Amino acid sequence: MLDPKLLRESPELVRAAIAKKYLEVDLDAILALDAAWRAQLVEVETLRAKSKAANTEMAKLPKGSPEFIAKVQEMKAVSAEVKAREAGLVEIETKHKAAMLSLPNLPHQSVPEGRTPEQNVTFATWGTCEALSPVAKPHWEIPGFDKIIDFGRGSKVTGAGFPFYIGDGARIVRALLQFFLDEAVTAGYTEVNPPIFVNAASATATGQLPDKEGQMYEAVADGFYAVPTAEVPLTNFFRDEILDEAALPVKRAAYTPCFRREAGSYGKDVRGLNRLHQFDKVELLKWVHPTQSYIELDLLRADAERLLQKLELPYRVLLMCGGDVGFSQAKKYDLEVWAAGQQRWLEVSSCSNFEAFQARRAQIRFRKGDGKPELVHTINGSGLAVPRVLAALLENNLQADGTVKLPAALVPYFGRDALRFG
RNA sequence: GGAGAGGUGGCUGAGUGGUCGAAAGCAGCGCUUUGCUAAAGCGCCGUAGGUGUAACAGCCUACCGGGGGUUCGAAUCCCCCCCUCUCCGCCA
């Protein structure tokens, strides 16, 4: 959520910033709503003050006295009017709040102009994409692939996009997760194992609700949502809390399975491990001092990049242009790994600064030296998502003998230096 | 799932219809005094919104788990829900 005061005092600044994201927003309607809400608020509060003053007076009068009885009669009318006007106030307040929740976060000034993914800026590259594997092919075409990752059985048991991992397939998933978590802890993140269902308040705080409920699986009977990312339970850990300034930055990492309905995203990039409804991911998250958030964003991105470097996977870093920065983010980098078989980049991490957008919704604050609470900034990024990393490993490291050679960093976790199919 | 007890400010904890935004203690902040790793005394000390201000201040309103209700008036009474604890049931 945006700072209502900023919107009120600098609407043109907000309008320009939203335009940079190429999002349609009726700002004038929201401003009108804001003005109407404040006018009604003043009316209701004036009435309340009147009845409150009368009540204080009445408390001093003898209960059955004529003055008392007269006052009761008089105040009955005021009370009724308060009630009537409160109803109108609640109505406009609800609209106003919904409108504020519909406003996206403003992009940071360092976000490049642009409307489409093609206009994202290649910020950095690492490794070389050529001559990775002479026998590289899309991972789903590797002989024996379905012996270790079984989409057919997953589809029977649950549905499309819910594969079984078997044997070395299951083992490599576990090895990657453990590697990711160990690296995160080494980098100073505290490991957390969070709930994988969250309530509506949590999903609202991080920006999944309202409007994006169609992207989450919902346990209707209980009002819970299956987490689309560990970001949701992790960020909400401190919801409605005030942190110590000295404790910042707070750094945490969590593994969870992630559940995404991916409604409307069926298309060319859904084959194999490229896009799943359930996948494993380690998420890195920081609660930071507002003055430090862009430094901390770079540090977090470096933490994610280091994983790819240790896995010896070529990758590039994209700085997302205004049109491709998400609804809640102020700035976003994507890490994309090269998949030699598909000859394409696969997004494996998205590192974002939300500034105070989530913190305001979630009321996560810290107490400053002068004692006043102030909103923190939240930063998060994958570190990393398993299936696409696995896809790149399978494609880039495929050997002529049909096995997949594993990078040295993974060998202690996997227990062998090569993965076999079947 | 059943029965009982409870949810009050950063923490502990009073408060069963009006003078309660809420005693007291702890923690924190400021001042004073004495002074060797500290003690005593005094004062201040919730959050949010609105209004107001150059910015403070001030003023107003709301908030005692959440939501409704009764009443001129609710932390206090009634209803529903959530959560915590104890016991029972079930269960990895």
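Colleague: How do the residues of the surface near RNA strand B divide into nonpolar, polar and charged?

Modeller: In this predicted model, 24 residues lie around RNA strand B, and R8, A59, K76, S79 and R365 come nearest. Sorted by residue class, the surface near RNA strand B divides into 10 nonpolar, 3 polar and 11 charged residues.

Colleague: Which helix gives the most to the surface near RNA strand B?

Modeller: At least two residues of that surface are supplied by each of helix 1 (4-9), helix 3 (27-60), helix 4 (66-101) and strand 14 (364-367). The element that gives the most, with 11 residues, is helix 3.

Colleague: What atom of RNA strand B is 3.1 Å from an N or O atom in the side chain of E45?

Modeller: Among the atoms of RNA strand B that come within 4 Å of the protein, sugar and phosphate account for 77%. An N or O atom in the side chain of R8 is 2.7 Å from a phosphate oxygen of the strand, and for the side chain of S79 the distance to a phosphate oxygen is likewise 2.7 Å. For the side chain of E45, at 3.1 Å, the partner in RNA strand B is a base nitrogen.

Colleague: How many residues line the second largest pocket, and which of them lie nearest its centre?

Modeller: The second largest pocket holds about 270 Å³ of space, and its lining divides into 8 nonpolar, 4 polar and 4 charged residues. Helix 2 (11-20) and helix 11 (357-362) are the elements that give two or more residues to this lining. In total the pocket is lined by 16 residues, and those nearest its centre are L6, N105, L106, P107 and E355.

Conventions. Residues numbered from 1 in each chain as written. Chains lettered and ligands numbered in written order. Predicted model: local features only at pLDDT ≥ 70, side-chain atom pairs only at ≥ 80, totals over all residues. Heavy atoms only, no water. 1 Å grid on protein atoms, 1.4 Å probe; cavity = no way out; pocket = protein on both sides within 12 Å on 5 of 7 lines; lining within 4 Å. Points joined across faces, edges and corners; volume = space filled by probe spheres on them. Helix = DSSP H or I, 4+ residues; strand = E, 2+ residues; numbered from the N terminus. Nonpolar A, V, L, I, M, F, W, Y, C, P; charged D, E, K, R; others polar. Near = heavy atom within 4 Å. Polar contact = N/O pair within 3.5 Å; in protein donor to acceptor, adjacent residues only side chain to side chain.
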